[in-house]
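Student: I have a structure to go through before group meeting. Can you take me through it?
Tutor: Sure, here is what we will look at.

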2 protein chains.
Amino acid sequence: MPKSRPPTIADVARHADVSIATVSRVLNGTTPVQEDKADRVRLAMEELQFVPRHAARVLASKRTNTIGLLLPEISGAFFSPMLKGIEAAAHEAGYDLLVHSTQQVKTARRKLGEQNTDGLLIFTNSLAPEELHRLHSFNFPIVLLHQIPPDSLDIPVIAIENKDGAAMLINHLIEVHGRRRIVYLRGPEGHEDSVWRERGYREALEAHSIEFDSHLIASGGFDDEEAFAAIQGLLAAGIDFDAVFAGDDDAAIGAMRALKLAGHRVPPDISVVGFDDVPFARYLSPALTTVRAPIEQVGREAVRQLTRLMDGDHADALTLMRTELVIRESCGCQVSASAAQKEFSSAGGETSYNESR
Amino acid sequence: MPKSRPPTIADVARHADVSIATVSRVLNGTTPVQEDKADRVRLAMEELQFVPRHAARVLASKRTNTIGLLLPEISGAFFSPMLKGIEAAAHEAGYDLLVHSTQQVKTARRKLGEQNTDGLLIFTNSLAPEELHRLHSFNFPIVLLHQIPPDSLDIPVIAIENKDGAAMLINHLIEVHGRRRIVYLRGPEGHEDSVWRERGYREALEAHSIEFDSHLIASGGFDDEEAFAAIQGLLAAGIDFDAVFAGDDDAAIGAMRALKLAGHRVPPDISVVGFDDVPFARYLSPALTTVRAPIEQVGREAVRQLTRLMDGDHADALTLMRTELVIRESCGCQVSASAAQKEFSSAGGETSYNESR
DNA sequence: ACGCTTTCTGAAAACGTTTTCAAACTATCC
DNA sequence: GGATAGTTTGAAAACGTTTTCAGAAAGCGT
């Protein structure tokens, strides 16, 4: 007997001498089935190595059991923990994960939208607003990451405390290290995180009666090369500054590099701080002072809200994840030996430090 | 007229006054259709905002247009470029990407295997050998990443030149820096990359008539914490060594940290080298000497081989990606200003350096 | 005009599940 | 003992495409 085609539910039914409906029921546990029959079915499935055909289930049940993830691009140290959180949470909730990086928005629309996914996780800038409108118009489950919905659509959002985080950083630079001319390196065009961080930056300046100086703003693109170039530009233009708040940790690297190359000492001459606390931040030298964003948690939380939506429940309109100041050395602090030891041996919080000036 | 349910191909057919078969044909371009009819169909699709239902297509056509990616876990700096390459290549080839991290192998089997995916990309250790056997037994398209198939099954493999890379590194440590007692930090249990790197390590020692000493082998787990602990263990045990070949860059970080904490200077006292050249490697201090693995390329190549297989063509049994020695400072070399400059301003190759001893 | 290809087209049969509906049993209660 | 309520069950109808098959229309050489 040639094992020609993979077994279907009908084969299982025949083999167990029940109807296909019964097989389906033990498969899904939708309706009780007599124990002996159920056992026969399970045995048959095992023997035939039956694997349900996903497409058929989807077609019949109208549930895809899949969630889609839309991203503008996969890159940076930021991405990995994020995906890890999303994948783990999706898995736990019983969903598959379809990943789409949308250099070209068009194709994404066709494949992930509506019919082919039970819900969508959408990262900043990865979908055009009109498409968002369309999906939202028929209540398709969506959760936005790091992006407030356009036109105040009521789509749930997961974001981090950018403004507060930035303000903590700037306050520290001003209050502890006496910095007053602090450069801010913006992130990519239209990136919301960057906008909020700038807002925190400005508010912190204002709270200390330091006038905002637009010469101190440059574009670092959340990218090491771009930040490098930006700082070189500032230096070449003769702009005077004593600290750099890089848009994120990647940009901080570029900034430090440019400063060192130009002969400036970081931090005694110029402080540099980042944002995110990606894994390598603590290993730079000087170790990077930054703000810790709970990236993996953001991913998990996004899935949690999305599953609520998919279950027909109500999701929180806005989930703002707490950020936490992480003092290391690049701001000018000297981390005490014990604190360093503590950070090094466990990945725990690091709050104890000594001021250097 | 209440817009109750999403439009189907039948609605489009009615709207354009053709049969559903014709709609299907213009959708897929399988058979020529008269221009005017085709236009009517396209118009109707546009007006009705028709989106083909993936599940129905899959069911009818028996092609899922999806490839699955199986990983043991999502983590480390290594992962991001890899996924980037895979996603991009899959996208270009017209496939969707389903990502599964397989802490629990069972579920993965059900959802990704055979029927629900056109092909599978399988990363080291993420699938049990018997399952591999089963899939292979009916010619299911599979490509293995960083893992030689068990029992010499003829499943295509993408791997990197681990042995040569490791040997280059060790040769450099011996020949240029006169190191002779070189620690090797193994990766996770059963990780093939680690095995090959160790082989390169041993061969390089042998080529220089240095006897292999098992005391110099420890387990670093491709992980910064584990490597940290391993080096501390070695130090505590009073093992004498003058260099550390960490299993990968993450482990190198941990090693450097442990050494510094114990008061050893890296590199004058002890050289440390890594493997992979993840993005942050150049930013450590001392900047990490390592071997560059073309991670993103590995991902792209894997997809390329897999698509061949899925098209029924023959794939290359083994694709070995070249690795490249990247000399920086942690081995003891002093990168010249111009070389550093070059590396810093472009991400290009960095081969020029000065020896320090 | 007449057959003979060639090109397009529509009806209808898959594809493999879930779900609805009603029927067939089994208890349970008076 | 009979009626009623509650379980389990199977037949058959979706689900929305692709694909096969045969027929209609159109071109073309004579």
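Tutor: One term before we start: Ala, Val, Leu, Ile, Met, Phe, Trp, Tyr, Cys and Pro count as nonpolar, Asp, Glu, Lys and Arg as charged, and the others, Gly among them, as polar. Also keep in mind that this is a predicted model.

Student: OK, so by class, what is the surface near DNA strand D made of?
Tutor: That surface has 16 nonpolar, nine polar and three charged residues.

Student: Which residues are closest to DNA strand D?
Tutor: Of the 28 residues that surround DNA strand D, the closest are A:Ser19, A:Pro32, B:Ile9, B:Ser24 and B:Ala60. Chain A supplies at least two residues from each of helix 2 (20-28) and helix 4 (54-61). On chain B, helix 1 (9-16), helix 2 (20-28) and helix 4 each do so.

Student: And which come nearest to DNA strand C?
Tutor: A:Ile9, A:Ser24, A:Ala60, B:Ser19 and B:Pro32, out of 28 residues around DNA strand C. The classes there are 16 nonpolar, nine polar and three charged.

Student: How many degrees of turn lay chain B on chain A?
Tutor: A turn of 180 degrees with a shift of 0.1 Å along the axis, giving an RMSD of 0.1 Å. That is the relation of a two-fold axis. The same surface serves both copies, as 100% of the contact residues of chain B recur in chain A.

Student: How many residues are in contact between the chains?
Tutor: 38 residues of chain B are in contact with 38 residues of chain A. Helix 5 of chain B gives the largest share of the chain B side, seven residues. The residues on that side divide into 20 nonpolar, 10 polar and eight charged.

Student: Is the pairing of strand 2 of chain A with strand 2 of chain B parallel or antiparallel?
Tutor: Antiparallel, over three bridges. Within this pairing, A:Leu97 stands opposite B:Val99.

Student: Changing topic: in what order do the strands of the open sheet in chain A run?
Tutor: The order is 7-6-8-9, four strands with parallel pairing. Strand 7 (217-219) and strand 9 (271-273) of chain A stand at the edges with a single partner strand each, so one side of each has no neighbour in the sheet.

Student: What joins strand 8 of chain A to strand 9?
Tutor: Three bridges. A:Ala243 has A:Ser271 in strand 9 of chain A as its bridge partner.

Student: Which strands does helix 11 of chain A lie across?
Tutor: Strand 6 (182-186), strand 8 and strand 9 of chain A, and helix 11 runs at about 160 degrees to strand 9.

How values were computed:
Residues numbered from 1 in each chain as written. Chains lettered and ligands numbered in written order. Predicted model: local features only at pLDDT ≥ 70, side-chain atom pairs only at ≥ 80, totals over all residues. Contact = placed C-beta atoms within 7 Å. Pairing = 2+ DSSP bridges. Near = placed C-beta within 6 Å. Least-squares fit on C-alpha atoms with pLDDT ≥ 70 in both. Axes fitted to C-alpha atoms, helices over the stretch in contact; angles between N-to-C directions.
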